[in-house]
Amino acid sequence: MKLLLHAAAKLIAGFMLLAVLLFWPAGTWYFWNAWLLCGALFAPMIAVGLLLWKKAPQLLKKRLNGREQQAAQKLAVALSGAVFIGGFVAAGLDFRLRFTRLPAWLSVAALVPFLLGYLLYAETMRENAWLSRSVEVQQGQKLVDTGLYGVVRHPMYTATLLLFCAMPLILGSGTAFALSLLFVPIFVLRIRNEESMLRAGLDGYDEYCRKVRWRLIPRLW
């Protein structure tokens, strides 16, 4: 129950932060794209959180409490946070000032890649019990090379990139979408650092890299 309350507190705090970043710059509660995003974001999050609480509480605990230790990863997290905040504020201002507003049909259509990203995210967590918010090699960790991990080395980042790039489209902001593209070099930095750690600390990872060539997107990188 303590873990569930912790997860609920983080969920409420996340919603409040998102509301401030979106509705305040928009200057109105009638920012329909923001409500659409909140529904698409938090409904699956609640469902996945409850499932983890029942089936894999240790994984949920790791996802809630992870803290980066390496300087490169701390930098990547800080940059991601800055892009997040900038993108949401830009989307709110875009709704108010109509600088680069996208058509409503595109906002609705963007729900498809967004929910696909969520499905990939959930499947990655199902396949890999060692997932953590922080980059680390855990005691007793075993290499996972099946399922999505047989297609790309970092399916969690693939899912996250899909989510992050779909969100500004749901919000209907071209400016916010342009900012979301900054996640690509940030993820490249994070992945390269993570792979150097895994090569040094996880048995079989070098062989796995030779077997699975693609890190993030098949036939691209």
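The following exercises, with worked solutions, concern a predicted model.

**Exercise 1.** Determine which residues make the nonpolar surface patch and which helix gives its largest share.

*Solution.* The patch, of about 760 Å², is made by Ile12, Phe15, Met16, Trp29, Tyr30 and Trp35. Helix H1 (residues 2-26) supplies the largest share, three residues. Trp29, in turn, is placed in the loop between H1 and helix H2 (32-55).

**Exercise 2.** Classify Trp29 and Phe23 as buried, partly exposed or exposed, and describe the pair of their rings.

*Solution.* Exposed means over 50% relative accessible area, and buried means under 20%. Trp29 has 56%, so Trp29 is exposed. Phe23 has 4% and therefore counts as buried. A pair of aromatic rings is described by the distance of the centres and the angle of the planes. For Phe23 and Trp29 the centres are 4.9 Å apart and the planes are 35 degrees apart, and the pair is tilted.

**Exercise 3.** Compare the expected span of helix H9 (residues 183-201) with the distance between its end C-alpha atoms.

*Solution.* The expected span is 1.5 Å times one less than the number of residues. Because H9 has 19 residues, it should span 27 Å. The end C-alpha atoms of H9 are 26 Å apart, which agrees.

**Exercise 4.** State which residues the ring pairs link into a cluster with Phe183 and Phe187, and whether these two are buried or exposed.

*Solution.* Ring pairs link Phe183 and Phe187 with Phe84, Phe88, Tyr157 and Phe164 into a cluster. Phe183 and Phe187 are among the buried residues of H9.

Note on methods:
Residues are numbered from 1 along each chain as its sequence is written. This is a predicted model: local features need pLDDT of at least 70, side-chain atom pairs count only at pLDDT 80 or more; totals for chains, interfaces and linings use all residues. Side-chain values use heavy atoms; hydrogens and water are left out. Patches are made of residues with over 30% relative accessible area and no salt bridge: like charges are joined within 9 Å, nonpolar side chains (Val, Leu, Ile, Met, Phe, Trp, Tyr) within 5 Å. Accessible areas come from the Shrake-Rupley method with a 1.4 Å probe; for residues, only the protein chains shown count as cover. A salt bridge is a side-chain nitrogen of Lys or Arg within 4 Å of a carboxyl oxygen of Asp or Glu. Helices (H or I, at least four residues) and strands (E, at least two) are DSSP runs, numbered from the N terminus. Buried means under 20% relative accessible area, exposed over 50%, partly exposed in between (1.4 Å probe, protein chains only). Rings of Phe, Tyr and Trp (its six-membered ring) pair if their centres lie within 6.5 Å; planes under 30 degrees apart count as stacked, over 60 as edge-to-face and the rest as tilted.
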